Amino acid sequence: METYKRFPVSLKKGKGSWVWDDKGNKYLDGVAGIATCSIGHSNKSLLRALSRQLKKLQHVSNLYHIPEQEELAQWLVSNSCAESVFFCNSGAEANEAAIKLSRKYGHTKRNIEKPVILSANSSFHGRTLAALSATGQQKYHQGFEPVVEGFNFFDFNNIDSFTTLFESLEKNGPKISSVLIETIQGEGGVNPANKGFLKMIREVCTKNDILLIFDEVQTGMGRTGTLWGYEQFGIEPDAFTIAKGLGGGHSIGALLVKQTANIFTPGDHASTFGGNPFACRAGVTVGKEILRRKLLTNVINRGKQLKEGLMNLINKYPHLLSQSRGVGLLQGLVIREEASITSIDIVEVALKERLLLVSAGLKVVRFVPPLTISKNEVKELLKRLNHCLENFA
Ligand SMILES: Cc1ncc(COP(=O)(O)O)c(C=O)c1O
């Protein structure tokens with residue numbers, strides 16, 4: 001079905017930060033599957049581990065214990081604030097699990113008849129019906145109404161907006177069971193949260209026994225220079241969702257919870273493929289590779305280099321570009337509102353320069369290369385981007 005407006009390129013192979021099309025053209029990959037191929041294309045450790053896993057065991061049902069799933073769960077809880085994990089196959093599914101968890105928490109722990117979830121305007125939580133309903137962007141709802149009830153929206157980074165919504169809903173007794181929020185809005189334009197804003201939400205949630213759930217689907221697994229986005233803000237959620245970078249390009253998602261939110265019991269939730277041996281082997285390999293190769297340091301250094309380079313381009317093209325936003329290797333280059341071009345225009349010209357980029361809304365170009373990208377490759381990315389921008393000067 002025509003659900004994607006595709007660029008006229010057919011990609012055939014990849015290695016590290018590079019991909020090749022069917023005509024043999026070589027592209028520098030600033031997209032990485034949209035933040036999925038965290039340790040680069042065709043990574044040797046992943047290849048070896050997954051080949052071995054394919055020969056050993058590919059899939060069994062969650063009716064049985066799965067050692068690879070237990071290994072990945074152990075790695076995740078050892079390296080985060082969480083104590084338990086549910087595995088699924090994608091970011092939207094992870095958020096579906098979080099939404100169900102939130103409702104169950106409201107019913108069983110708080111005695112709320114119709115639990116409400118607060119989420120942010122300009123957020124993105126996925127395309128399944130409930131994740132879509134949690135997404136604070138009208139354009140994704142259009143044509144699919146009625147959306148799922150039980151979601152209310154506040155303005156991101158706006159304490160007044162959050163407080164007003166919170167107070168108006170809770171006026172005649174508790175209704176809110178959780179707050180679902182990205183630490184850095186990705187799809188919505190690469191908007192990092194303000195520390196004070198997240199801290200305020202954390203305090204309100206703690207005081208009122210409301211679950212704070214972070215959507216770390218895009219920010220998790222080292223993308224920001226810490227393993228989890230929340231570490232950038234010095235606060236911890238009660239639960240968080242991950243996917244994208246976890247499998248290094250293979251389908252896997254997860255909901256991670258602290259003990260207080262560990263309320264699912266047998267039969268509450270399930271997934272046929274969730275946590276299968278192959279996907280979990282991918283997750284374990286990616287996690288260990290991030291730590292073994294000290295990729296978080298690379299993300300910090302390459303992120304700085306990229307940001308500096310973007311700032312130089314903003315100074316060079318001030319009539320086109322206004323600012324750069326982001327943390328680590330999740331960066332956005334903002335096009336001036338009054339400029340006649342959109343992010344898609346830049347992405348299209350970049351493709352001709354053999355550079356893969358992706359937009360985050362109409363006025364932001366997003367950079368989410370593999371976490372393994374080298375200094376020279378970032379230099380090359382900026383050089384190609386400069387060539388693109390010359391077209392619009
Ligand atoms: C923050 C966030 N949440 C959820 C999703 C949905 O993930 P998936 O496409 O794996 O369902 C995305 C995807 O872009 C995302 O960026």
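Guide: Before we count anything: helices here are DSSP runs of H or I with at least four residues, and strands are E runs of at least two, numbered from the N terminus. Also, keep in mind that this is a predicted model.

Visitor: OK, so how many helices and strands does the chain have?

Guide: The secondary structure comes to 12 helices and 17 strands.

Visitor: And what box do the C-alpha atoms fill?

Guide: Along the principal axes, that box is roughly 60 × 55 × 40 Å. The chain has a radius of gyration of 21 Å, which agrees with the value near 21 Å for a compact globule of 393 residues.

Visitor: How much of the chain is buried?

Guide: Buried residues make up 50% of the 393 residues. As for contacts with a separation of 6 or more, 72% of them join residues 24 or more positions apart.

Visitor: Which domains does the assignment give?

Guide: Domain 1 covers 11-30 + 294-390, and domain 2 covers 44-292. Their centres, taken over C-alpha atoms, are 27 Å apart. Each side puts residues into the contact: 18 from domain 1 and 18 from domain 2.

Visitor: Which elements of domain 1 give two or more residues to that side?

Guide: Helix 10 (295-316), strand 13 (321-327), strand 14 (330-335) and strand 17 (364-367). The largest share, five residues, comes from helix 10.

Visitor: What classes do the residues on that side of domain 1 fall into?

Guide: There are 10 nonpolar, six polar and two charged residues on the side of domain 1 that touches domain 2.

Visitor: Stay with helix 10 for a sec. Is Thr 297 buried or exposed?

Guide: Thr 297, which sits in helix 10, is exposed, because it has 10 other C-beta atoms within 10 Å and the cut-off for exposed is 12 or fewer. The C-alpha atoms of Thr 297 and Ala 131 are separated by 33 Å, with their positions 166 residues apart along the chain.

Visitor: What about Ala 239, buried or exposed?

Guide: Ala 239 counts as buried, because it has 26 C-beta neighbours inside 10 Å and the cut-off for buried is 20 or more. You'll find Ala 239 in strand 11 (residues 239-242).

Visitor: Which residues does Ala 239 touch?

Guide: Leaving out residues up to four places away in sequence, its contacts include Ala 98, Leu 101, Leu 211, Ile 213 and Leu 255. Gly 33, on the other hand, is 25 Å from Ala 239, C-alpha to C-alpha, and 206 residues away in sequence.

Visitor: Sheets next! What order do the strands have in the open sheet of four?

Guide: The order is 1-2-3-15, with mixed pairing. Strand 1 (11-15) and strand 15 (355-356) stand at the edges with a single partner strand each, so one side of each has no neighbour in the sheet.

Visitor: How do the strands in there run, parallel or antiparallel?

Guide: Strand 3 (residues 26-29) and strand 15 run parallel, joined by two bridges. Strand 1 and strand 2 (residues 18-21) run antiparallel with four bridges, and strand 2 and strand 3 run antiparallel with three. In case you're wondering what holds such pairs, strands of a sheet pair through backbone hydrogen bonds.

Visitor: Which residues are bridge partners, say, for Lys 13 and Leu 28?

Guide: Lys 13 partners Trp 20 in strand 2, while Leu 28 partners Leu 355 in strand 15.

Visitor: Which residues in the hairpin turns have a positive phi?

Guide: Gly 16 does, at about 60°, in the hairpin of strand 1 and strand 2, which has two residues between the strands. Gly 24 does as well, at about 90°, in the hairpin of strand 2 and strand 3, with four residues between.

Visitor: Back to strand 17. Which residues lie on its two faces?

Guide: Val 364 and Arg 366 are on one side, Val 365 and Phe 367 on the other, and all are buried, leaving both faces covered. Strand 14 joins strand 17 through four bridges, antiparallel, with Gln 331 and Phe 367 as bridge partners. Strand 16 (residues 358-359) also pairs with strand 17 in the antiparallel sense, over two bridges.

Visitor: Last one: which residues come nearest to the ligand?

Guide: Of the 14 residues around the ligand, those are Ser 90, Gly 91, Ala 92, Gly 126 and Val 217. Helix 4 (residues 91-110) gives the most to the shell, three residues. By class, the shell has four nonpolar, seven polar and three charged residues.

Conventions. Residues are numbered from 1 along each chain as its sequence is written. This is a predicted model: local features need pLDDT of at least 70, side-chain atom pairs count only at pLDDT 80 or more; totals for chains, interfaces and linings use all residues. A residue is near a molecule or strand if its C-beta atom, placed from the backbone, lies within 6 Å of it. Ala, Val, Leu, Ile, Met, Phe, Trp, Tyr, Cys and Pro count as nonpolar, Asp, Glu, Lys and Arg as charged, and the others, Gly among them, as polar. The radius of gyration is taken over C-alpha atoms; the globule rule is 2.2 Å times the number of residues to the power 0.38. Two residues are in contact if their C-beta atoms, placed from the backbone, lie within 7 Å. Domain bounds come from an automatic or database domain assignment. Two strands pair if DSSP finds at least two bridges between them.
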